[in-house]
Every structure is written in structure tokens, then in C-alpha cells.
Amino acid sequence: MGVSCGQCHVFINEPYFKLLNPSPSTESRTLSRNASTNSTNSRLACCVKMTPELNEMIVSVAFNRSADGDWFGGKCDESF
């Protein structure tokens with residue numbers, strides 16, 4: 001099992017990004033399938049371990065829509 005949908009893609013800026021837990025390989029593979037919005041500060045929110053150091057962290061939600069422009073509803077077979 002692992003990360004597969006990529007529906008919680010977010011961007012996290014410094015100084016918080018360097019404080020995050022390492023990305024699991026499943027997260028990296030999922031993000032790589034959506035290279036158009038992938039950046040060096042991309043993470044999947046479901047893979048970010050919350051710690052006290054991340055208090056007050058602000059994230060930007062990526063353009064998490066399907067190819068048809070619909071917002072992901074959680075059961076989209078075409079997600080990333």
C-alpha cells in the first residue's frame with residue numbers, strides 16, 4: 001500500500017520545507033506523474049508529519065483538478 005492519488009498536493013515554502021520529514025518513495029512517484037505543477041517545494045499533505053516546529057506553517061494548495069477541470073472528489077480513477 002502507499003500513496004497513489006495525489007489529491008492533496010500542496011506547496012510548502014521555506015523555512016518550513018526544510019523541516020519536513022523525508023518524502024517516501026511512493027510520494028515522489030505520485031508527484032512525478034504530475035510534472036506540470038510539481039516544484040521543488042511540492043509535497044502531498046497526507047505524507048507530511050506534523051511536528052511542533054511546523055506550528056504556523058502556511059501551505060498553498062495546488063491546482064488539484066482532473067483533466068476535465070473537475071475538482072477531485074476522492075474517487076477519481078484519473079487522478080494523476
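## Report on a three-stranded sheet and its surroundings

In this predicted model, three strands form an open sheet in the order β2-β1-β3, and their pairing is antiparallel. Strands β2 and β3 stand at the edges with a single partner strand each, so one side of each has no neighbour in the sheet. On average, neighbouring strands are turned by 40° against each other, direction ignored. Helix α1, residues 25-32, packs on this sheet and touches β1 and β2. The direction of helix α1 makes about 120° with that of β2.

As a general point, the strands of a sheet pair through backbone hydrogen bonds, in either a parallel or an antiparallel manner. Here, strand β1 (residues 9-12) is joined to β2 by three bridges. Within this pairing, H9 has L44 of β2 as its bridge partner. Strand β1 also pairs with β3 (residues 59-61) over three bridges, again in the antiparallel sense. In that case, I12 has V59 of β3 as its bridge partner.

**The core and V10**

Which residues make up the largest nonpolar core? This core has eight residues, namely V10, I12, Y16, F17, L20, V48, L54 and M57. In soluble globular proteins, nonpolar side chains tend to be buried together. Apart from its neighbours within four places in sequence, V10 is in contact with several residues, including R43, A45, V59 and V61.

**The surroundings of R43**

R43 is found in strand β2, which covers residues 42-44. Is R43 buried or exposed? R43 counts as buried because its relative accessible area is 2%, which is under 20%. A polar atom of the R43 side chain lies 2.8 Å from the backbone oxygen of N21. In addition, the side chains of R43 and S23 are joined by a polar contact of 3.2 Å.

**The cysteines**

A disulfide is a covalent bond between the sulfur atoms of two cysteines. How many disulfides are counted in this model? The count comes to zero. C46 is in no disulfide, and the nearest cysteine sulfur, that of C8, is 3.5 Å away. The closest cysteine sulfur to that of C47 belongs to C46, at 3.9 Å. This distance is too far for a bond, because a disulfide requires the two sulfur atoms to be within 2.5 Å. The table sets out the values for these two cysteines.

| Residue | Closest cysteine sulfur | Relative accessible area |
|---|---|---|
| C46 | C8, 3.5 Å | 53%, exposed |
| C47 | C46, 3.9 Å | 12%, buried |

Note on methods. Residues numbered from 1 in each chain as written. Predicted model: local features only at pLDDT ≥ 70, side-chain atom pairs only at ≥ 80, totals over all residues. Heavy atoms only, no water. Helix = DSSP H or I, 4+ residues; strand = E, 2+ residues; numbered from the N terminus. Buried < 20%, exposed > 50% of the residue type's maximum accessible area, 1.4 Å probe, protein only. Polar contact = N/O pair within 3.5 Å; in protein donor to acceptor, adjacent residues only side chain to side chain. Core = buried A, V, L, I, M, F, W, Y, C linked by side-chain atoms within 4.5 Å. Contact = heavy atoms within 4.5 Å. Pairing = 2+ DSSP bridges. Axes fitted to C-alpha atoms, helices over the stretch in contact; angles between N-to-C directions.
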